Amino acid sequence: MINENKKAMSRTWAEINLNALENNYNVLKNLLLPGTKFAGVCKANAYGHGMIEIADKLQELGADYICVASVDEGVTLRENNITIPVLCLGQTDPELANLISRYEITQAVGDFENAELLSCYAQKNNVRIKIHIKLDTGMSRLGFYWPDDERNKIITAETIAKICKLDGIEAEGLFTHFSKADNDIAYTKMQYEKINEAKKYLSRLGINFNIIHASASSGILSSPDFQMNMCRFGIALYGYTYPDTGNEIKNIGLKPVMTVKSRISAVRNLPAGSKISYGGTYELKRDSKIAIIPAGYADCIPRNLSNNFSVKINNIKCPLIGRVCMDMTIIDVTDLACEIKSGDIAVIYDEELMMQAVKNSDTIIDEIVCRVLPRVTKIYIEN
Ligand SMILES: *Cc1c(COP(=O)(O)O)cnc(C)c1O
């Protein structure tokens, strides 16, 4: 183990703090009303944190559901001892019905044709496939569009009811996704009312669902009344929220789970006038000391942070100069008072630097954590 860690920590690695994950789980769980189920979202390698280890911890903590984006993410979890319910949020080719069935994955369904194909498979093989009906209430992505006029409401409800009654299909859930929960409560309320209305229309047709869900992280933070009876937590579970929800992470006690570090490859003195990295976009204005860190855009640093980011060495911010390369980045350490040498550690992302990266590369925190690619070894820390 020590040797394994030594190898893992010889280049660039992400420390994943499972105690922070547990803290976030408990903080978020406390926001739920009694009886509301907790779904942890582990798609995209658990937002770069490592899906098997994160799902395993969530299972241990007592999460009710794990959400994934694709059937193969679900299969990966099942093959690694995840036994709690797994919901595949994305569309799955009905030709993969055998995987859905064999690995007992709950499948989101947003159209009649796919439901029918799943039902055919289930009947032929004498199995039951569990589904959650996806409703489009304003995101305009997947799902049954919930219309405004009475006639079409009835038609849509009847179509969904027909799916729920297909042989071999067990319709456990109904869900939608809020698209503006971080900054538009009125729109979110409209979406919430639509799913409630759909629920009512379906109930009249004798269809009732055990699980109804709509909120992801921003939804529960901005509109806690709209939790229905399950919430799907992604980014908040990993310690971050969007500023617009008015719930800065410190306020509710979330802790960032991931810290990315790298071991300095070389420290070099170069004369004024040296042109740094590809394209020579940065020229040293004075005799300088530079450090090379073995992390580039194929690890975790977006290339558009070239000449526009800092990493921390001995807790001092040092500027990234020149273009980010695929595997390496160059840092100006001339102003560091302390001695540094190859083998010393640079922090690429702590909470402050993550938010700096979000701002400077004009994106959202989700993209920054997801961009920590598998080549960056994960080290799981738990006291
Ligand atoms: C990704 C995703 C989530 C999780 O969203 P966060 O904002 O990260 O909490 C929930 N539901 C669906 C349908 C998603 O695609």
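A polar contact is a pair of N or O atoms within 3.5 Å. In this predicted model, such a contact joins the ligand to Y47: an oxygen atom of the ligand lies 2.5 Å from an N or O atom in the side chain of Y47. A nitrogen atom of the ligand is 2.8 Å from a polar side-chain atom of R232. At G234 the partner belongs to the backbone, where a polar atom is 2.9 Å from an oxygen atom of the ligand. On its own the ligand has 390 Å² of accessible area, and the protein covers 89% of this area.

The shell around the ligand comprises 13 residues, the closest being K43, Y47, S217, R232 and I235. By class, six residues of this shell are nonpolar, three are polar and four are charged. Two elements, α3 (43-47) and β10 (230-233), each contribute at least two residues to the shell.

The site occupied by the ligand is the largest pocket. This pocket holds about 640 Å³ of space. Its lining consists of 29 residues, and those nearest the centre of the pocket are K43, Y47, R141, H177 and A216. Two or more lining residues come from each of α3, α10 (217-222) and α13 (365-370). The lining divides into 15 nonpolar, seven polar and seven charged residues.

Enclosed space was examined next. Rolling a probe the size of a water molecule over the atoms shows where empty space is left. Across the whole structure, two cavities of 30 Å³ or more were found.

The largest cavity has a volume of about 50 Å³. Its lining is formed by Q91, T92, P94, I100, Q107, A108, V109, G110, N114 and L118. Both β5 (105-109) and α7 (112-125) give at least two residues to this lining, and the largest share, three residues, is that of β5. Five of the lining residues are nonpolar and five are polar, with no charged residues.

The second largest cavity contains about 40 Å³ of space. It is lined by L89, G90, Q91, Q107, A108, V109, G110, K134, L142 and G143. Here, too, β5 provides the largest share of the lining, with three residues. The classes represented are four nonpolar, five polar and one charged. Residues Q91, Q107, A108, V109 and G110 appear in the linings of both cavities.

Methods. Residues are numbered from 1 along each chain as its sequence is written. This is a predicted model: local features need pLDDT of at least 70, side-chain atom pairs count only at pLDDT 80 or more; totals for chains, interfaces and linings use all residues. Side-chain values use heavy atoms; hydrogens and water are left out. A residue is near a molecule or strand if one of its heavy atoms lies within 4 Å of it. A polar contact is a pair of N or O atoms within 3.5 Å; within protein, one must be able to donate a hydrogen and the other to accept it, and residues adjacent in sequence count only if both atoms are side-chain atoms. Accessible areas come from the Shrake-Rupley method with a 1.4 Å probe; for residues, only the protein chains shown count as cover. On a 1 Å grid over the protein atoms alone, a cavity is a set of points where a 1.4 Å probe fits but cannot get out, and a pocket is an open set with protein on both sides within 12 Å along at least five of seven lines; lining residues have an atom within 4 Å of a point. A molecule sits in a cavity or pocket if more than half of its atoms lie within 2 Å of its grid points. Helices (H or I, at least four residues) and strands (E, at least two) are DSSP runs, numbered from the N terminus. Ala, Val, Leu, Ile, Met, Phe, Trp, Tyr, Cys and Pro count as nonpolar, Asp, Glu, Lys and Arg as charged, and the others, Gly among them, as polar. Grid points are joined across faces, edges and corners, and a volume is the space filled by probe spheres set on the points.
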